[in-house]
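Biologist: Could you take me through one part of this protein up close? I'd like to hear about the charged pairs that link its pieces, and what sits around them.

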Amino acid sequence: MTETSASSTHSATLDDGAMRTHPSARAHPAAADTSTRGDQATTTDPVKLADPATLLFSDLDVELATTRRMLERVPNGKDDWRPHKKSRTLDELAAHVAQLPGFGIMMLTRDEYDGGTAPPEPKAADCAERVKIFDEVSGEFRRLVKAMTWDQALSPWTLKFRGQEVFSAPRAQLLRSAMLTHLAHHRAQLGVYLRLLDIPVPGSYGPTADEGPAPR
């Protein structure tokens, strides 16, 4: 877990320091109380107390666990099935979901990426291998997020396509939109595939029709 610096967790203004050391502060308890309240306001600032993973990605473990449950339900022997001619096949969609945390790894280990040079995604032999791939990349992604510093979170990250910039924004912002929200989007699509194949769909943000109503 990333450690915050002493200056960030114990910051104080020059006025605060003067109030603690000047004799007049000891002579006037009301003034001392005001100083204490100022210190509390400073040290309870969540940005100064929490690391990026805790403050910005507290839902990470839940999102990854939910995705894994969805991938576990993908049936073998249906790789070429698709709900529409414009849709990805089941194997293509499931493989993309399983490997998406690898995109997050790349975002945390490089400052830019050119999508026009991406190699093809490897094909898993079956559901078990697909889940194994997900476990490997999601585990490394989780480790890197937990180790992320504020400097790294706020530094720019750039996506290019064949040399042309597509977008550039703070890394933490893009980890949320291009990685976690992207993952939830395709995971939801996978849930629709499972429903159409009559496979019980696991819950994401609540129970599904296959799991019964939520307890009162």
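**Hairpin, core and salt bridges**

Modeller: Sure, and let's start with the hairpin: strands E2 and E3 form it, with 2 residues between them, and Arg162 in that turn has a positive phi of about 50°. Keep in mind that this is a predicted model. E2 (residues 156–161) runs antiparallel to E3 (residues 164–170), and the two pair over 6 bridges. Within that pairing, Trp157 has Ala169 in E3 as its bridge partner. E2 also pairs with E1 (residues 112–114), this time in the parallel sense over 3 bridges, and there Tyr113 is matched with Leu159.

Trp157 takes us to the inside. The largest nonpolar core has 44 residues, and Trp157 is among those that touch the most other members, along with Phe57, Leu71, Phe103, Phe141, Val145 and Leu190. E2 and the helices H7, H8, H9, H10 and H11 each give this core at least two residues, with H8 supplying the largest share, 11 residues. For a sense of the surroundings, look at Leu71: leaving out residues up to four places away in sequence, its contacts include Ala94, Val97, Phe134 and Leu190, and also the charged residue Arg130.

Now for your charged pairs. Side chains of opposite charge can pair when their charged atoms come close. There are 14 salt bridges in the structure. In one of them Arg142 pairs with Asp61, with the closest N and O atoms 2.8 Å apart. Arg142 sits in H9 and Asp61 in H7, so this pair ties together parts that are 81 residues apart in sequence. Asp61 also meets Lys146 in a salt bridge, at 3.8 Å from N to O. Lys146 is in H9 as well, so this second pair links H7 and H9 across 85 residues of sequence. Asp61 is partly exposed at 37% relative accessibility; Arg142 is partly exposed at 27%, and Lys146 is partly exposed at 27%.

Another salt bridge joins Lys123 and Asp91, whose closest N and O atoms are 2.9 Å apart. Lys123 belongs to the loop between E1 and H9, while Asp91 is in H8, so the pair ties together parts 32 residues apart in sequence. Lys123 is exposed, with a relative accessible area of 56%, whereas Asp91 is buried at 9%. Salt bridges with shared partners join Asp79, Asp91, Lys123 and Arg130 into one network. That brings us back to Arg130, which Leu71 touches.

Methods
Residues numbered from 1 in each chain as written. Predicted model: local features only at pLDDT ≥ 70, side-chain atom pairs only at ≥ 80, totals over all residues. Heavy atoms only, no water. Pairing = 2+ DSSP bridges. Helix = DSSP H or I, 4+ residues; strand = E, 2+ residues; numbered from the N terminus. Core = buried A, V, L, I, M, F, W, Y, C linked by side-chain atoms within 4.5 Å. Buried < 20%, exposed > 50% of the residue type's maximum accessible area, 1.4 Å probe, protein only. Contact = heavy atoms within 4.5 Å. Salt bridge = Lys/Arg side-chain N within 4 Å of Asp/Glu carboxyl O.
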